[in-house]
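Thanks, everyone, for making the time this morning. I would like to walk you through one model, and I will put it up on the screen now.

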Amino acid sequence: MGSSGETNPSRGCWKPIFPTVALLCTLPLVAQKAQEASPKSDVHTETKMKGIVEEVKLPPKGNEKEIAHLLVKTGTDTADVYLGPKSFLDDLGVSFSKGDEIALTGSKVKQGETDLILAREVVKGTDTLVLRDEKGNPVWSWHH
């Protein structure tokens with residue numbers, strides 16, 4: 001009657017659960033590191049500018065989820081403006097060409113040694129493209 005399994009019935013339950021708990025605890029850290037790798041918008045460094053598109057940089061075919069960006073000439077400076085995933089721009093039917101006059105609102109950030117502008121809103125003619133909300137969060141879905 002007195003087998004060792006009956007005296008402590010919960011003893012065996014911890015072994016299979018522990019790896020799952022450990023994995024669940026580390027997942028947010030992995031996700032956080034992935035977010036840190038991409039530049040994060042900062043509403044405190046938001047700026048407005050007007051300029052002319054000098055170059056449109058699109059990800060290679062097959063990588064449409066990667067970020068499209070523009071080199072925008074503003075006076076004597078050229079700004080590297082990050083828009084959003086090319087697939088998101090395609091879904092909206094938005095495209096930019098060299099020579100387009102645009103006005104934009106975006107956050108100035110540093111990625112390594114490079115200065116970038118994460119566009120929140122871009123105005124081209126009568127069209128306004130909203131890429132991030134007022135807190136700087138992307139309006140597109142990465143699962144798209």
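I will go from the overall layout to the strand pairing, then to the core, and then to a few individual residues.

Please keep in mind that this is a predicted model, in which local features need pLDDT of at least 70, side-chain atom pairs count only at pLDDT 80 or more, and totals for chains, interfaces and linings use all residues. Residues are numbered from 1 along each chain as its sequence is written, and side-chain values use heavy atoms, with hydrogens and water left out.

Let me begin with the layout. The protein chain has three helices and six strands, where helices (H or I, at least four residues) and strands (E, at least two) are DSSP runs numbered from the N terminus. Read from the N terminus on, the order of these elements is α-α-β-β-β-α-β-β-β. The accessible surface of the protein chain comes to about 10000 Å², and 57% of that belongs to carbon and sulfur atoms; the areas come from the Shrake-Rupley method with a 1.4 Å probe, and for residues only the protein chains shown count as cover. Of the 144 residues in the protein chain, 28% are buried, and here buried means under 20% relative accessible area, exposed means over 50%, and partly exposed is in between, with a 1.4 Å probe and protein chains only. Among contacts between residues at least 6 apart in sequence, 48% join residues at least 24 apart, with contact taken as heavy atoms within 4.5 Å.

Now to the strands, which I call paired if DSSP finds at least two bridges between them. Strand β1, residues 46-57, pairs with strand β4, residues 101-111, in the antiparallel sense over seven bridges, and in that pairing M49 has L104 as its bridge partner in β4. β1 also pairs in the antiparallel sense with strand β2, residues 67-74, over five bridges, with V53 standing opposite V72. β2 in turn pairs with β3 in the antiparallel sense over eight bridges, where A68 stands opposite G84. These two strands, β2 and β3, form a hairpin with two residues between them, and G75 in the turn has a positive phi of about 70 degrees. The pairing of β3 with β5, by contrast, is in the parallel sense, over two bridges, and V81 has I117 as its bridge partner in β5.

What covers the middle of this arrangement is the next topic. β3 is mostly covered, with seven of its nine residues buried. The largest nonpolar core, meaning a set of buried Ala, Val, Leu, Ile, Met, Phe, Trp, Tyr and Cys residues joined through side-chain atoms within 4.5 Å, has 19 residues, and those with the most contacts inside it are L70, V81, L83, I102, V122 and L131. The elements that give two or more residues to this core are β1, β2, β3 (77-85), α3, β4 and β5.Two residues show what surrounds individual positions. V72, in strand β2, counts as buried because its relative accessibility is 1%, and, leaving aside neighbours within four places in sequence, V72 is in contact with G51, I52, E54, D77, T78, A79, V81 and I102. With the same neighbours left aside, V122 is in contact with L83, F96, I102, A103, L104, D127, T128, L129 and L131.

Which aromatic rings pair? The structure holds one aromatic pair. F88 and W140 form that pair, which is tilted, at 5.8 Å centre to centre and 50 degrees between the planes; rings of Phe, Tyr and Trp (its six-membered ring) pair if their centres lie within 6.5 Å, and planes under 30 degrees apart count as stacked, over 60 as edge-to-face and the rest as tilted. The pair links distant parts of the chain, since F88 is in helix α3 (residues 86-92) and W140 is in the segment after β6 (127-130), 52 residues apart. F88 counts as buried at 15% relative accessibility, and W140 counts as buried at 7%.

Finally, R120 lies in strand β5, residues 114-124, and is buried, with a relative accessible area of 19%. N137, in the segment after β6, is partly exposed, because its relative accessible area is 33%. The C-alpha atoms of N137 and R120 are separated by 8.7 Å, with these positions 17 residues apart along the chain counted as their spacing.
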